[in-house]
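Please open the structure in your viewer and keep the selection tool at hand. The stops below are meant to be taken in order, with a residue or an element to select at each one.

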Amino acid sequence: MTTTSLKRQHEPDDDFVVVSAYSSTDSAESADTMTSSPINTSSTTILDLPTELIEYICCFDSLKLIDVFNLAVSHSKLNNCLFHERNSSLWKSKFIQIYGLLDNEEYEVVIDEQNTWKDEIMLRMSLDKTVPAEIMQMPCKYMKFKNVPYHMYPFSQYLHSKNEGHRYYILSATAAYYKQLQNISECDGNSNYDLLYMAHQFLIYSCQVYFGYKLSNFLSLPPAEQIIERGFYLLGRWWCPTINIPYRDINKSLNNIAIDVCNSIRLVNPDHPLFEHENCLKRVVERGKFNLDHDLFDETSTMFILDNIRQTIFSGNQRVCYCNHDLNCFLLQQVIDRRKGSVFLQSVIFESVARRLGVKVRLTATSAHNFVSWSSSWPGNKRTNPTCYLVDIAGGGVIRKATVCPVSRKLPEHYNGNSVIDLFWIFSKTVEQLTIENMATYKYVLDFQKLLKPDDSEVETKCQKFHECYEYCRCPLLRNPSNPDAPNHAAEKNIMYADWQEIFPLVPKKRGEIHDPKYSIGMMIDTITMGNGSCSSIVTKRGVVVGWTRVPSNNPLPNPTIYHVLIRPDHYYSTAKYQNPVIKAIWEGRYEKLQRQLKPYDYSFKNIGKFFTHYNHELCAFVPISDLAKLYPDDLSYTISKSLNIDSKVKQFTGPLVVPKY
């Protein structure tokens, strides 16, 4: 990225750029001096300062980037001084001033011959504006697609860039805009469905791309370099894009727990070998950055550490949760903060704290149990086969001797399934069971399993079934040597809505004919199955009109119009209530009647933002996005005319919230 020199607004001659400091008592004399001589040699201006000193002054936080811009356009010397490409210290300081301290664990800015700090700050500031602008265009652009097609999403050149910083800029700009929309929605309570929906969709996409690359890089590391808590942090960010917690916060929390254990040990045993070195706490923090090859202390000292870890971690209200509905129990930072979570993540926390305290333990997971095992690996240990112990996490961290598995005939530490990939796989299978009520999370779990085992036929079958029922695209493909065309998503299909040509016609559908539709887009309608005899009429379907089609006038139906309605799937599907609504064609018949619904009981569909901007209580209807309104230009005025006869009590409806939760 190159930046042209800024044009200065005014450039006085150098000889007359003089800033004189004089008091009121000698102002006349100074004025005479300035008049008689164009140069005041006794005064020094910023133009007389060395270039290095000007750059140094501009690096101060008291000067914002806009101040530097204004200074640069005031004179050619300042423009050349401040805006040349080699001025890395200035541009880096302003990058940090705007976006915070650099965190290589979160993202790395690559500076080389092609990318300077000046390029980076200009690019990121530009994307902070263009990403929201692009999201604003998405509702109309992707309205016709049942699944938002990943291969049509913008910014592919940045999201799949080899420069990790460029990927992060897109994710950061998307997350910031999404949070801004959420804040507006919380204040307003009923707006921006369309923007929230698209921002959420693009956040899912950008998050999966960014953390997909991070996870792929993590899994490609040698086992000795795979820090367990970092892996589960990345995994949590993958399947919960809206939780924006940096890794440094998790690392700090685990360091604090380890320091608390140190303090409790010091109170009881100040001569413990853990405190041999003066800077022992610093060593505790440093050990959080790498894996141990062996225990640092003998068996007795290590057992004492393990017992104190148990007392610290499981003191108070720390407890294992076996729920099957709370995703927070499967997100590492949430488990640390709430002191409550799954056995699996409690085991990860135990391992992470033990490693910081010089103890090498192993995480072992099977389809039925998750636990921590330990046997002394201290180099000074002379025992050939040291005793293997189990740390019973589910039982509050109690330590007991391990027994040989009757099936594998092995001790837990000798299981084959102790690698990070094995742990990830079993953990994903555990989370899969609780995501039936949260289809978005279920999608992330399936996508992650596909990332771990791309050739697994069972995973592929589950993915195919899922995408047949839900309006989500498949995992965004990552670029790698075996799939160099991935950024173009060549294998992604454009899945259109059934009857999309009728719902979204090329020629707008106007009113003013004999058989005008009784209902307009945005209105809520119920399908009522008429009873006979002792059977009463019941509401079988409830949805929102997104389009309509006139039936030829010779049709015998009393109201010859087919309505295309955003509606929940039929109830006979086992998970129908959790599925995204679909667009169905409904009409009045001999045994089914249509009736307008004026109270928005249950229309908080997430994908309602694909077609409507907000719910209007005055109209008792949803307001369509601009492109949908253009296809039915007379419908909004028709809805307004019908609202004049609605009882004011209905308009003041205070029932369940209509706002969809993104």
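The tour goes from aromatic rings to an enclosed space and then to a few single residues.

Before selecting anything, bear in mind that this is a predicted model.

**Aromatic pairs**

Across the whole structure, a search finds 34 aromatic pairs. Start by selecting Tyr210 and Phe211, whose rings form an edge-to-face pair with 5.0 Å from centre to centre and 90° between the planes. Tyr210 counts as buried because its relative accessibility is 0%, and Phe211, at 1% relative accessibility, counts as buried too.

Next select Trp239 together with Phe448, an aromatic pair that is also edge-to-face, with the centres 6.0 Å apart and 80° between the planes. Trp239 belongs to helix α10 (residues 228–239) and Phe448 to helix α17 (residues 439–452), so this pair ties together parts that are 209 residues apart in sequence. Trp239 is buried, with a relative accessible area of 0%, and for Phe448 the relative accessible area is likewise 0%, which makes it buried.

Now widen the selection to Phe218, Phe232, Trp238, Trp239, Phe330, Phe344, Phe424, Phe427 and Phe448, which form one aromatic cluster.

**Charges over rings**

Which residue lies over the face of Tyr213? Select Arg167, which is found there at 4.1 Å from the ring centre. For another such arrangement, move to Arg511, whose charged end sits over the ring of Tyr638, at 3.9 Å from the centre of that ring.

**The largest cavity**

If your viewer can display internal space, turn that display on for the next stop. The structure holds two cavities of 30 Å³ or more, and the largest cavity contains about 100 Å³ of space. To outline the largest cavity, select the residues that line it, namely Phe232, Tyr233, Gly236, Arg237, Cys240, Ile243, Ile245, Ile250, Leu331, Leu332, Gln333 and Gln334. The elements that contribute two or more residues to this lining are α10 and α14 (332–338), and α10 gives the most, with four residues. Colouring the lining of the largest cavity by class would show eight nonpolar, three polar and one charged residues. Phe232 deserves a second look here, since this residue of the cavity lining is also a member of the aromatic cluster selected earlier.

**A loop between two strands**

Go on to Ser376, which is found in the loop between β4 (370–374) and β5 (389–392). Is Ser376 buried or exposed? With a relative accessible area of 8%, Ser376 is buried. Display its side chain and that of Asn381 as well, for the two side chains make a polar contact at 3.2 Å.

**Strand β11 and the loop before it**

Finish with two residues whose C-alpha atoms can be compared with those of residues distant in sequence. Glu592 lies in strand β11 (residues 592–597) and is partly exposed, with a relative accessible area of 29%. Draw a distance from its C-alpha atom to that of Ile528: the two residues are 64 apart along the chain, and these atoms are separated by 5.5 Å.

The last selection is Gly589, placed in the loop between β10 (582–586) and β11. Gly589 is buried, its relative accessible area being 16%. Its C-alpha atom and that of Met530, a residue 59 positions away along the chain, are separated by 9.9 Å.

Key. Residues are numbered from 1 along each chain as its sequence is written. This is a predicted model: local features need pLDDT of at least 70, side-chain atom pairs count only at pLDDT 80 or more; totals for chains, interfaces and linings use all residues. Side-chain values use heavy atoms; hydrogens and water are left out. Rings of Phe, Tyr and Trp (its six-membered ring) pair if their centres lie within 6.5 Å; planes under 30 degrees apart count as stacked, over 60 as edge-to-face and the rest as tilted. Buried means under 20% relative accessible area, exposed over 50%, partly exposed in between (1.4 Å probe, protein chains only). A charge sits over a ring if NZ of Lys or CZ of Arg is within 6 Å of the ring centre and within 35 degrees of the ring normal. On a 1 Å grid over the protein atoms alone, a cavity is a set of points where a 1.4 Å probe fits but cannot get out, and a pocket is an open set with protein on both sides within 12 Å along at least five of seven lines; lining residues have an atom within 4 Å of a point. Grid points are joined across faces, edges and corners, and a volume is the space filled by probe spheres set on the points. Ala, Val, Leu, Ile, Met, Phe, Trp, Tyr, Cys and Pro count as nonpolar, Asp, Glu, Lys and Arg as charged, and the others, Gly among them, as polar. A polar contact is a pair of N or O atoms within 3.5 Å; within protein, one must be able to donate a hydrogen and the other to accept it, and residues adjacent in sequence count only if both atoms are side-chain atoms.
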